[in-house]
Amino acid sequence: MKTERRAIPPVGRVIDALGSTNLPRPVVIDLVRRALARVRSGGAVPSLEEIVAQIRNEIADLERSRLQPVINGTGIIIHTNFGRAPLGSEAIRAITEIGSSYNNLEFDLTSGTRGQRGGHLERGLARLCGSEAATVVNNCAAALVLIVRHLTRKKPEVIISRGELVQIGGGFRIGEILEASGARLREVGATNQTTMEDYAAAIGPETALILKVHQSNFFMSGFTGMPPNEELARLAKAKHVPFVEDLGSGALVATEKLGLSEHEPTPNESLKRGVDLVCFSGDKLLGGPQAGIIAGKARLITALKREPLFRALRCDKLVLAGLAATVEAHLRQDWAEIPVLSLLRVSVAELRARAQELVARSRSLSLKIAVIESQAEIGGGALPRVVIPSIALEISSLDLSPNELAARLRRARPSVVGRVAQNRFHLDFRAIFPEQDEAVAMALARAVSSADNQTGHAEA
């Protein structure tokens, strides 16, 4: 046993055998030490080559876990796993400019004294939403927590329909988020039917607010019913109870103008119908960085900003810069500057032409590639019934299973992610930018190259 332990190579020898990597040296040293510790605690000692091969696999896995660009061939435009909305060029320019220099984040250039964080952005958001005032925190769940935390300081109950106790991404449930805010839920109605009488009967001395949550990531049909906002607003006003609506995705443009078959409610519409406060996401249909936007009555917005919790939830300079640029693009109605809206507006004919060009470039590959009609979706919990006509490549190989082809494309740089359906690999063009077509073609070529077939790795 002692003789075998002497065969374990020292750390320095393993590092020399590994050669250069893209990881910082301290990280590589830690991986090597952990690998050698496992060898010492095991049985037979592997050869140096086997140890190095195992560590190289671990290095490759670690490199792939870095935050990095992904080519989205899934057909889901606002993909939560892929960072939701890609940013426009003006938002990226603003983030780069602000992030690379000092700035007037909380400095008034007119008076030379301490200024208000995000004041310019808040005015733009208020104008965009048609509200008295607006503010921003780091995501929509945080916005809801802040609102509920403030309004339930003296009265604990939040009235909400049972049909709106939705679960959002990552397993988070609205009810649990509200309870974590210190609220007590007062559920009214049934899953499919809630009436004005249900709301009116529930209001009492402990009622802090009436909350509506948009059923954005699912839908119910059949025997369903919910009072219109106008009626709920009149009830809330008569009972002196705030009326709050969580819109989730937050469409700022009428979705019909984007060629979609259904309407997504906008903050402007909710506020006109009597809602006191509305909250929604900045990184979904708005098309900006992750943020939670709150718009509505000025007195309530002012009170929210005085909450101690507001400081813990506020956005940093980079988010404020990117969001401000996106809001300005909306105010100018410059839809080309908002990638999410641009992707929705691309014609099927244009997608088909790009797909056919890629097929022509890939004729020499040992792949069977067909251009097929496809159906994309918005994602991000918006309009779940809406399907968007699209074009996809259906790809199959005699040498690679669909799952293996998908794995090799994921290992490319940049990673190319599609979906496997009916034992075929599909690459939908709806959320692939035209400038990424070249990278897709190269990734396909390398996925089926002879060298890659030997190593099992697709490197770009």
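**View 1. The largest pocket of the predicted model has a volume of about 1,100 Å³.** The structure shown in this and the following views is a predicted model. The lining of this pocket consists of 36 residues, of which Phe82, Arg84, Ala85, Pro86 and Leu87 are the closest to its centre. Four elements each supply at least two lining residues: strand S1 (70-72), helix H5 (89-99), helix H15 (339-345) and helix H16 (348-361). H15 gives the largest share, three residues. Sorted by class, the lining of the largest pocket contains 18 nonpolar, twelve polar and six charged residues.

**View 2. One cavity of 30 Å³ or more is found in the structure.** The volume of the largest cavity is about 30 Å³. Its lining is made up of Gly88, Glu90, Ala91, Gly287, Ala325, Thr326, Glu337, Ile338 and Pro339. H5 and helix H14 (317-331) each contribute at least two residues to the lining of this cavity. H5 also supplies at least two residues to the lining of the largest pocket. In the cavity lining, four residues are nonpolar, three are polar and two are charged.

**View 3. Five strands form an open sheet in the order S2-S10-S11-S14-S13.** The pairing in this sheet is mixed. Strand S2 (76-78) and strand S13 (419-421) are the edge strands, and each pairs on one side only. From one strand to the next, the twist averages 40°. Helix H17 (residues 402-410) packs on the sheet and touches strand S11 (388-396), S13 and S14. The direction of H17 makes about 40° with that of S14.

**View 4. S13 and strand S14 (residues 424-428) pair in the antiparallel sense.** Three bridges connect the two strands. Val420 stands opposite Phe425, a residue of S14. Asn423 sits in the loop between S13 and S14. The phi of Asn423 is positive, about 60°, although this residue is not a glycine. Asn423 has a relative accessible area of 57% and is therefore exposed, the cut-off being over 50%.

**View 5. The peptide bond from Arg413 to Pro414 is cis.** Omega of this bond is near 0°. Pro414 is located in the loop between H17 and strand S12 (415-417). H17 is the helix that packs on the five-stranded sheet of View 3, with contacts to S11, S13 and S14.

**View 6. An open sheet of seven strands has the order S3-S9-S8-S7-S6-S4-S5.** The strands of this sheet show mixed pairing. Strand S3 (133-137) and strand S5 (184-188) each have a single partner strand, so one side of each is left without a neighbour in the sheet. With direction ignored, neighbouring strands of this sheet are turned against each other by 25° on average. Helix H6 (residues 119-129) packs on the sheet, where H6 touches S3, strand S8 (277-281) and strand S9 (292-296). Between the directions of H6 and S3 the angle is about 120°.

**View 7. Strand S4 (residues 157-161) and strand S6 (residues 207-213) run parallel.** Three bridges join the two strands. Val158 has Leu209 in S6 as its bridge partner.

**View 8. Glu307 is a buried residue in the loop between helix H12 (298-306) and helix H13 (308-313).** The relative accessible area of Glu307 is 7%, which means that this residue counts as buried, the cut-off being under 20%. Neighbours within four places in sequence aside, Glu307 is in contact with Leu146, His150 and Arg153.

**View 9. Gln333 has a positive phi, near 55°, and is not a glycine.** Gln333 is placed in the loop between H14 and H15. With a relative accessibility of 56%, Gln333 counts as exposed. H14 is one of the elements that line the largest cavity, and H15 contributes three residues to the lining of the largest pocket.

**View 10. Asn81 lies in the loop between S2 and H5.** Asn81 is exposed, and its relative accessible area is 65%. The C-alpha atom of Asn81 is separated by 34 Å from that of Ala303. Along the chain, Asn81 and Ala303 are 222 residues apart. S2 is an edge strand of the five-stranded sheet.

Definitions and conventions
Residues are numbered from 1 along each chain as its sequence is written. This is a predicted model: local features need pLDDT of at least 70, side-chain atom pairs count only at pLDDT 80 or more; totals for chains, interfaces and linings use all residues. Side-chain values use heavy atoms; hydrogens and water are left out. Two strands pair if DSSP finds at least two bridges between them. Axes are lines fitted to C-alpha atoms, for helices over the stretch in contact, and angles run from 0 to 180 degrees between N-to-C directions. Contact means heavy atoms within 4.5 Å. On a 1 Å grid over the protein atoms alone, a cavity is a set of points where a 1.4 Å probe fits but cannot get out, and a pocket is an open set with protein on both sides within 12 Å along at least five of seven lines; lining residues have an atom within 4 Å of a point. Grid points are joined across faces, edges and corners, and a volume is the space filled by probe spheres set on the points. Ala, Val, Leu, Ile, Met, Phe, Trp, Tyr, Cys and Pro count as nonpolar, Asp, Glu, Lys and Arg as charged, and the others, Gly among them, as polar. Buried means under 20% relative accessible area, exposed over 50%, partly exposed in between (1.4 Å probe, protein chains only).
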